[in-house]
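Take a walk through the model below. Start at the bound ligand, then move out to the pockets.

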Amino acid sequence: MNDFVTVNEVGPRDGLQSQGKILSIEERLLMINALLASGIRSIEVGSFVSPKAVPQMAGTGELFGQLPMTEVVAYSALVPNMRGYELALAAGAKSIAVVLSATETMNQRNINMSLEQSTAVCAELLQRAREDGIEGRAYVAVAFECPFEGLTPARVVESLTLRMLEAGARKVIVADTIGAANPKSVRDVLGSLIGLDSASMLSCHFHDTRGMALANVLAALELGVREFDSSIGGLGGCPFSPGATGNLATEDLVLMLHSMGLRSGIEPLALVVTVQRIQALAGVPLGGHAFRWLQRQASKPQEAVHV
Ligand code: COA
Ligand code: ZN
């Protein structure tokens, strides 16, 4: 069994985009540095979207220009359309994620496109990325339930996933945007996908709105998925999706992986200081289910610590 799991930190994008407080470029950079200090090596830095629609993400291009550049860190950005792609390219992004929602209404609300338009635009962006030597990934959002249309049929997720893979997506990120999945629905949706393609082409993005994110991660791990999105301290939500609170907290994910003997390259205790620093920057209380316990372990003499 492959025991390495990629933890892709989405706090600087999914986390910040719904916050009342708009962080400056300097504060967003401090956040990214705090994430890097804990050993996190895969980060969604921001999005190239309309600053009128999401003012929290204004200046992502400038932020890209100031990122600490090291070969071992994978930085990515979300792009909704060709304008965003061009801006990402100009900013030096090497990896992009397109965003396709599995329902008509969610596409309209999120990016002002129909499902058909959005599918075509995402495919075009992925093809363009491939030509430009940029890594392209695709979110399939509201893959389990949509706040406007209810339960999402698994066959819709399946066909959109295949379409994105055909267009050149290196991975499809199956996203539970409103935290409505449960381990059975994860098995149902991913099970049919994995029957068609390898689990190595999939990543999962869970929200912990109903406290089931880790159970969902376990269901996906058992199906062979080895890449997950998470957000430091559980920071997050989607401004266009009512009810999309609380991403899966990075410290919860990392601690569970570590406890199961899986490797992520991230030291669970190192995340305590990171959560505290980012809490101070974001100005909201942060911390997943395991945070208080990790905090207590971090304050003990090191020889007494068994994480
Ligand atoms: N980045 C920055 N500005 C953009 C842009 C992009 N990717 N795409 C369009 N714009 C600008 C246009 O230049 C135009 O600016 P102007 O009003 O100053 O002339 C304005 O936005 C409207 O452009 P238009 O092409 O008509 O877009 P729209 O109004 O249909 O909006 C999106 C489409 C995708 C730009 C907008 O819905 C959006 O940014 N949504 C954010 C989605 C998001 O981040 N969701 C959360 C993550 S999933
Ligand atoms: Zn999300």
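**Around the ligand**

Of the 19 residues around ligand 1, the ones that come nearest are S50, K52, R83, N110 and N112. Keep in mind that this is a predicted model. A residue counts as being around the ligand if one of its heavy atoms lies within 4 Å of it.

Three of those five residues can be followed atom by atom, beginning with S50, N110 and N112. S50 works through its backbone: a backbone N or O atom lies 2.8 Å from an oxygen atom of ligand 1. N110 uses its side chain, where an N or O atom is 2.7 Å from a nitrogen atom of the ligand. N112 also offers a polar side-chain atom, and this one lies 2.8 Å from an oxygen atom of ligand 1. How much of the ligand does the protein bury? Taken alone, ligand 1 exposes 920 Å², and the protein buries 65% of that.

Now look at where the shell comes from. Two helices, α4 (82-91) and α5 (104-111), each supply at least two of its residues. The largest share, three residues, comes from α4. By class, the shell has 10 nonpolar, six polar and three charged residues.

**The largest pocket**

Which pocket does ligand 1 take up? The space it takes is the largest pocket. About 670 Å³ of space lies there. The lining of this pocket counts 37 residues, and V49, S50, V54, L78 and P80 are the closest to its centre. S50 is thus named twice: among the residues nearest the ligand, and among those closest to the pocket centre.

Several elements build the wall. The helices α1 (11-15), α3 (60-65), α4 and α5 each supply at least two lining residues, and so do the strands β4 (95-101) and β5 (135-141). By class, the lining has 20 nonpolar, 14 polar and three charged residues.

**The second largest pocket**

Move on to the next space. About 420 Å³ lies in the second largest pocket. Its lining has 25 residues, and the closest to the centre are R41, S42, V73, A74 and Y75. Strands β1 (6-9), β3 (74-79) and β5 each give two or more residues to this lining. Strand β5 therefore reaches the cut-off of at least two residues in the largest pocket and of two or more here. The residues of this second lining divide into nine nonpolar, nine polar and seven charged.

Notes. Residues numbered from 1 in each chain as written. Chains lettered and ligands numbered in written order. Predicted model: local features only at pLDDT ≥ 70, side-chain atom pairs only at ≥ 80, totals over all residues. Heavy atoms only, no water. Polar contact = N/O pair within 3.5 Å; in protein donor to acceptor, adjacent residues only side chain to side chain. Areas by Shrake-Rupley, 256 points an atom, 1.4 Å probe, with all protein chains shown as cover. 1 Å grid on protein atoms, 1.4 Å probe; cavity = no way out; pocket = protein on both sides within 12 Å on 5 of 7 lines; lining within 4 Å. Sits in = over half its atoms within 2 Å of the grid points. Helix = DSSP H or I, 4+ residues; strand = E, 2+ residues; numbered from the N terminus. Nonpolar A, V, L, I, M, F, W, Y, C, P; charged D, E, K, R; others polar. Points joined across faces, edges and corners; volume = space filled by probe spheres on them.
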